[in-house]
Each structure stands twice: as structure tokens, then as C-alpha cells.
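Please examine the model shown here. The explanation below it proceeds from the overall form to individual residues.

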Amino acid sequence: MNAVQEKNPLKRVNAEVDSRWTGLVERLHVDRSARRMLLLVVVAFAIFAALKPSVFLSGINLQNIAISSPEIGVIAIAMMLAMLTGGIDLSLVSIANLSAITMSTMFTAIAANNPDQAEQLFPLIVLVGLVVGLLGGAVNGLLVSRLGITPILATLGTMQIYNGIAVAWTGGKTLYGSPAALTSIGQSTVGGVPTLFVLFVVVAVLVGIIVKRTPLGLKVTLQGANPTAARYSGINSRAVLMSTYLLTGTLGGIAGVLFLARNPTASADYGASYVLLVIVIAVLGGTNPNGGFATVFGVVLATLTLQIVSSGFTALRLSAFQYSIAQGVILIAVMVIDQVQWRRRPRARRAAAVSS
Amino acid sequence: MSAGRSGLAERLRRLRGPNNEGVLALILLVLIVGMSIANPVFFTLPTAFSIMRSAIVPLIFALGVLLVIISGGIDVSFAAIAVFAAYTTVRVYGSGAIDLGLIGAFAMALVIGGMLGAINGFLIARFRLPTLIVTLGTQGIFKGVLLTYVGSRYIADLPSAMSWVSTTNLIEVTTDTGRAYLHVMVVPAIVLTLVLAWVLRRTMFGRSIYAIGGDAEAARRAGIRVVRTQVWLYVIVGMMAAIGGMIYMIMGRSASPQELVGGELDIIAAVVLGGASIFGGRGSVLGTVLGVFLVQVINNSLILAGVPSAWQRAAVGVLLLVGVGIQAVTARGSGRAALVHDAQEVTV
């Protein structure tokens with residue numbers, strides 16, 4: 001790791017080789033993906049810190065990373081949960097926007113009559129935002145668990161519907177207005193760390209506990225690993241899927257609250273690029289898109305990695321388009337390396353059978 | 001009596017088609033008749049031609065997506081390939097370096113599209129990666145490379161080799177409701193549709209795609225070269241995307257590298273609506289054509305019915321859910337549920 005701190009680009013290559021080696025060693029461990037992500041975060045951070053320390057290591061830049069990560073991270077965690085069951089949730093960003101629009105409209109409506117009352121009702125407004133998320137998730141859950149529609153199609157449909165409602169509601173315009181308390185939370189810090197980031201960590205820990213320590217988490221994992229086996233083990237698939245999409249919807253609602261806390265505006269097409277970005281993050285964080293394996297820690301680290309690369313590119317004066325290239329290359333490289341390593345394992349007899 | 005009834009049932013089943021194409025055609029017909037009664041403006045030649053015109057580009061994209069979906073994958077990079085191939089061609093022609101006429105322009109776009117498709121195909125077939133993830137990655141790469149290294153400028157006028165087609169119409173009719181134009185670019189769309197229908201039904205390559213989508217391992221054991229077929233499949237899909245991109249820019253009479261990308265899911269929705277199974281192995285050109293037209297007709301009807309265009313997205317979403325919802329429920333009833341359930345493991 002010491003090599004990375006030096007500015008010589010050759011040393012960077014060296015560090016990468018080093019990381020590959022460490023990665024190979026860590027294949028033996030169970031939590032391989034989380035460790036690899038940890039390494040990737042450190043390497044990404046070190047590279048940009050070495051290349052442009054004056055801008056990248058400035059307080060404002062670090063603050064920006066910490067403020068922009070939470071909303072993406074919460075949606076990515078929700079995506080991870082959906083993928084854990086073997087599904088996917090494309091409607092998350094639309095749910096988050098719908099929730100933010102509802103909150104903003106509600107605040108503006110109340111404030112038009114009585115500004116003080118609107119401020120006092122701040123907890124209620126946030127609660128309504130979360131309920132919107134929950135309802136959005138409930139619709140997804142019903143479609144997936146009751147009607148048996150494939151998650152990717154069900155959420156593709158609801159994505160269009162939620163987004164359509166949001167566009168029709170706002171008329172395609174940006175809404176202004178949010179409780180001052182929410183905005184001040186968005187700008188406040190706890191011991192130097194932005195409150196939004198603290199909230200993100202809290203959400204991540206809670207979801208982590210649900211996945212690893214509760215019966216529901218176990219059922220969700222089993223459902224994703226092998227739906228047939230789960231059914232024969234007496235797991236109620238419908239209930240599990242319903243709970244999963246309720247949870248992802250609520251996380252979408254939380255993301256909506258974060259949207260509004262960061263900027264006191266709401267619009268139907270905010271974060272349009274997030275839909276595919278969070279899939280990238282979830283997969284990068286070690287989530288198996290076919291279900292059965294995921295770690296919240298890995299997803300949090302993947303979120304940070306992409307935000308670090310994003311802000312690092314900005315610090316180096318590279319464009320958003322170059323960041324888009326980097327994002328794609330990172331995703332495909334990680335997937336290819338994973339696949340090659342998986343095939344090299346002697347245990348994986350299936351790989352040998354398939355690869356001819 | 002009973003024989004006659006079962007004969008009728010058999011005929012009805014055949015009319016319904018293997019992927020519910022009959023049902024789709026019926027819905028389309030009911031919609032058109034209903035709209036025509038509600039609003040006489042709808043049932044006119046200008047409307048028909050404008051719907052056909054607006055369906056050209058989505059149809060070409062949808063046919064490419066259909067190929068990928070039949071093979072058991074999902075492609076979200078086709079729009080990026082389309083805009084990459086078409087914009088690069090316009091840039092090269094605009095710089096005056098090469099001018100080989102319209103045919104040359106299309107050939108150049110085809111080569112670019114085919115190469116980008118080959119990248120997808122190589123990654124998917126060689127490393128057996130999930131198609132959604134790979135195309136998600138390549139989408140970002142293609143778009144980024146285009147905007148960083150080729151150009152990010154909006155080009156307001158196309159090179160002369162291409163621009164003359166922009167205003168060429170195949171049919172021009174003057175009716176009492178106004179003049180109706182049918183753009184000449186419907187010709188490549190129709191030709192492509194017919195060729196693809198023939199390839200999928202009658203050629204070894206087409207049948208291999210179905211076989212791979214049904215069960216890749218079974219297809220391999222049956223002697224189909226899975227890797228080679230998949231790579232060619234993505235090359236062809238890349239080429240089709242390039243044609244779609246070229247036609248889009250010719251009909252729009254301008255070239256912008258920021259367009260098209262972002263509308264991928266709408267196209268996928270139309271293909272799924274057309275009866276293609278997201279699990280692979282099922283789908284037809286006819287169904288896809290009907291699916292694309294259904295979406296276009298609904299969009300057009302909503303405008304005529306005075307519904308704000310903002311609701312179009314929601315309407316397509318509802319349509320998609322109703323369509324797949326019916327499919328899912330009937331599949332469960334007819335005992336295919338087990339099959340569908342098992343297939344869920346290999347999705348995405």
C-alpha cells in the first residue's frame with residue numbers, strides 16, 4: 001500500500017499488481033467481495049490523492065463525496081435486496097422522486113396557508129414521504145408475489161407508471177419548497193461528518209442486521225439462492241417477496257427524503273441516470289444478480305468507490321463522459337476477473353463442463 | 001357437434017398464435033376502431049402515415065432487442081451503439097474526409113455498429129457474463145467514448161450525402177384532411193422486418209438463437225456452436241442498431257450525440273408486450289411489430305383524446321403490466337408455472 005502514496009504512475013501499476021495478489025490470497029476467505037471492495041476504495045482514494053492532492057483532499061471535496069453518496073447508496077442497498085431474492089427493482093428512483101414530490105407539494109400546500117404550521121408538521125411530511133415509498137413497494141410486491149410477474153418486467157412497468165404520475169403531477173417542472181428543518185439536516189454535520197452520511201450508515205447497518213441476523217434475511221437469501229429448495233423448506237415465497245419489495249420501496253422513500261434534504265427541490269426526472277448506476281454499484285459490491293448472495297458492506301464500499309472515482313475525475317478536470325467510461329470499464333473488469341477466478345477453482349466442475 | 005367445437009377451438013387457438021399475437025392484433029384493432037368512432041380525425045391517411053413514420057426507428061431497435069431476448073438475454077446498449085455509429089458517420093462525412101454517398105454512409109455505420117456489437121458478444125459469450133450487466137457497462141463505455149473522443153456537438157445540418165433523403169417521401173397523397181406523406185425510410189424498415197422474420201423461421205442461425213434461449217446447455221449438446229452464434233448475434237444486433245441510428249438522424253435532419261440513450265427500457269417494454277419471453281426461447285417478429293404499433297397507436301390516441309402527453313409513460317407502463325400480468329396468470333393456470341419458476345433462476 002505504501003507504493004500508492006508516491007506520485008510515480010509506475011508505482012500505481014505496481015499497486016494494482018499488489019492488489020491482484022492480495023485479491024488472490026483473499027479468495028480463501030468467505031467475505032471476499034467486501035474485502036476486495038475495501039481494497040478498491042483504498043486504491044481509488046490513494047490514486048486520486050496522489051494525482052491531485054490539492055483538490056481531491058480538500059475538505060470541500062471530501063464533504064461532497066459524503067453528501068452525494070447517501071442517496072445513491074440507499075437506492076443501491078435497496079437494489080441489492082431485490083437482487084438478493086433473484087429479482088431486480090427498476091422502479092426505485094421513480095419511487096424516490098414520487099416521494100420527494102409528494103413531500104414538497106404537501107409542504108408548499110400547507111405553507112401557503114400557514115408557514116409555521118408547515119414547519120411544525122415536518123415529521124408528518126417525512127412520514128408521508130416514507131408511506132409513499134411503502135405503497136410503491138407494496139404495488140411491486142403484489143405484482144411479483146401474487147401475480148407472479150417477473151420482477152424485471154413488473155418494476156419496469158411500475159417505473160413507467162410512477163414516473164408518469166410524477167411527470168403529470170409536476171407538469172415536467174421542478175418543484176421548489178421543503179421544510180427548513182429538513183434542509184438544515186441536509187447541511188448539518190455530526191462531528192465533522194455530514195448528517196446525511198450518518199443516516200446512510202445507520203440505514204446500511206439496519207439493513208445489514210435484517211439480512212444477516214433475522215429470520216427474514218435468511219429466508220430472503222434462501223429464496224434467492226434456490227427458490228425451489230426454499231419452497232420445499234417451508235418458506236412462504238409470497239410473504240418473503242412481499243416483505244422484500246415493501247422494504248425496497250421504503251428505502252426508495254428514504255432516498256426521496258434524502259433527495260429533498262440535499263436540495264429543497266423535487267422533479268420527476270431527478271437522478272434519471274441512477275437507475276442503471278445503482279445496478280452497477282450493487283453488482284460491483286459483490287451482489288450476485290441471480291440471487292442468493294450479497295453484502296451490505298460491499299455495496300456501501302462500492303458506492304464510495306464510484307463517488308470517489310467520480311469526484312476524482314472532477315478534480316482531475318476529466319469530464320462526466322470519461323467517468324461514464326471508467327464506470328463501465330470497472331464494472332466489466334470486475335465481472336471478468338470474478339468469472340476467470342471462479343473458473344480456475346478446482347471445485348467448480350460445472351465451469352469446466354461449460355467452458356469448452 | 002363436439003368435433004365441430006374442438007375444431008373451432010383449434011382454429012381459435014391457431015388464430016391466437018404461439019405468443020398471443022392474435023390477442024394483440026385484436027386489442028390493436030379494437031383500439032383503432034374505438035378511436036376512429038370517438039375521433040374521426042384518427043381514421044385518416046395522415047394519421048396512419050404519421051404513426052408509421054414514428055414507428056420506424058422503434059421498430060428497428062425492437063427487432064434487435066427481440067433477437068437478444070429470444071437468445072435469453074437483455075440488451076440495454078443498443079441505443080448507445082446506434083448513436084455512436086450514426087454520429088461518428090455524420091462526423092466523418094461532415095469533415096469531408098470521405099464521401100461515398102448514402103450507401104457508403106450506411107456501410108460505414110454498419111461496420112461501426114457491428115464492431116461495437118462484437119465487443120458485447122465477445123464479453124457475453126466468452127466470459128458467460130450476465131447480458132444485462134455487460135451491456136450496462138458497454139453502454140457507459142460507448143457513450144463516454146463517443147462524447148469524449150468523437151464529439152459532443154449538436155450537428156444541425158447533415159452532410160449532403162444523407163440530407164437529400166431526409167425530405168424524400170415514398171408516397172405523397174392529398175386528402176381532404178390535409179396532405180399525407182410516407183417517408184421513404186419505411187422501405188428499409190419493412191425489408192429488415194421481412195428478412196429477420198425469414199432468418200428466425202427458416203435458417204439454421206435463427207433456430208439456433210431460439211435453441212440457445214430455450215436452454216444453452218441443451219443447444220450445445222445438440223451441436224450448436226453457442227459461442228459463435230452468440231457473437232454473431234450481437235454483431236447483427238449492433239448493425240441493426242446502427243441502421244436505426246442512421247434512420248433516426250436522417251429523419252430528424254440533425255445529429256446529436258446525446259439523444260436516444262435513455263429510451264432503452266421503452267423499447268424493451270414494447271418487445272415484451274409483443275409476446276417475447278424475457279426468459280428466452282420465445283418471441284416472434286409479428287408480435288414485436290404489433291407491440292411496437294400498439295405503443296405508437298396508444299401514444300397517438302392519447303394525444304388525440306386530449307390526454308396530456310405526460311401520461312404516455314404511465315399508459316405504456318399500465319399496458320406492459322396488464323400484458324405480462326395476463327401472461328403470468330395464464331402460464332400459472334396451464335401448468336407451465338413450474339417451467340417459468342425454474343427459469344427465474346437464470347434471468348437477468
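The following paragraphs treat one chain as a whole, then the contact between chains, the nonpolar core and a single residue.

The model is predicted, and chain B offers a convenient starting point. Its secondary structure consists of 15 helices and two strands. The radius of gyration of chain B is 21 Å, close to the 20 Å that the globule rule gives for 348 residues, so chain B is as compact as a globular protein of that length. Taken along the principal axes, the box filled by its C-alpha atoms is roughly 70 × 60 × 35 Å. Of the 348 residues in chain B, 47% count as buried. The contacts within chain B can also be described by sequence separation: among those between residues at least 6 apart in sequence, 77% join residues at least 24 apart.

The next topic is the interface. Here 44 residues of chain A are in contact with 43 residues of chain B. On the side of chain A that touches chain B, helix 9 (151-170), helix 13 (227-232), helix 15 (274-284) and helix 17 (320-344) of chain A each supply at least two residues. Helix 9 of chain A provides the largest share, 13 residues. In composition, this side of chain A divides into 26 nonpolar residues, 18 polar residues and no charged residues.

The interior may be considered next. The largest nonpolar core has 213 residues, and those with the most contacts inside it are A:Ile75, A:Ile77, A:Val278 and B:Ala86. Helix 11 of chain B (residues 226-252) contributes the largest share of this core, 17 residues. The surroundings of A:Ile75 can be listed in detail. Leaving aside neighbours within four places in sequence, A:Ile75 is in contact with A:Leu92, A:Val93, A:Ala96, A:Gly252, A:Ala255, A:Tyr274 and A:Val278. One of these partners, A:Val278, is itself among the residues with the most contacts inside the core.

A final example is B:Leu102, which lies in helix 5 of chain B (residues 101-127). Is B:Leu102 buried or exposed? It falls in between: B:Leu102 has 16 other C-beta atoms within 10 Å and is therefore partly exposed, since a buried residue requires 20 or more and an exposed one 12 or fewer. Not counting residues up to four places away in sequence, B:Leu102 touches B:Ala161, B:Met162 and B:Val165. The C-alpha atoms of B:Leu102 and B:Ser163 are separated by 9.2 Å, although these two residues are 61 residues apart along the chain.

How values were computed: Residues are numbered from 1 along each chain as its sequence is written. Chains are lettered from A and ligands numbered from 1 in the order in which they are written. This is a predicted model: local features need pLDDT of at least 70, side-chain atom pairs count only at pLDDT 80 or more; totals for chains, interfaces and linings use all residues. A nonpolar core is a set of buried Ala, Val, Leu, Ile, Met, Phe, Trp, Tyr and Cys residues joined through C-beta atoms within 7 Å. Helices (H or I, at least four residues) and strands (E, at least two) are DSSP runs, numbered from the N terminus. Two residues are in contact if their C-beta atoms, placed from the backbone, lie within 7 Å. The radius of gyration is taken over C-alpha atoms; the globule rule is 2.2 Å times the number of residues to the power 0.38. Ala, Val, Leu, Ile, Met, Phe, Trp, Tyr, Cys and Pro count as nonpolar, Asp, Glu, Lys and Arg as charged, and the others, Gly among them, as polar.
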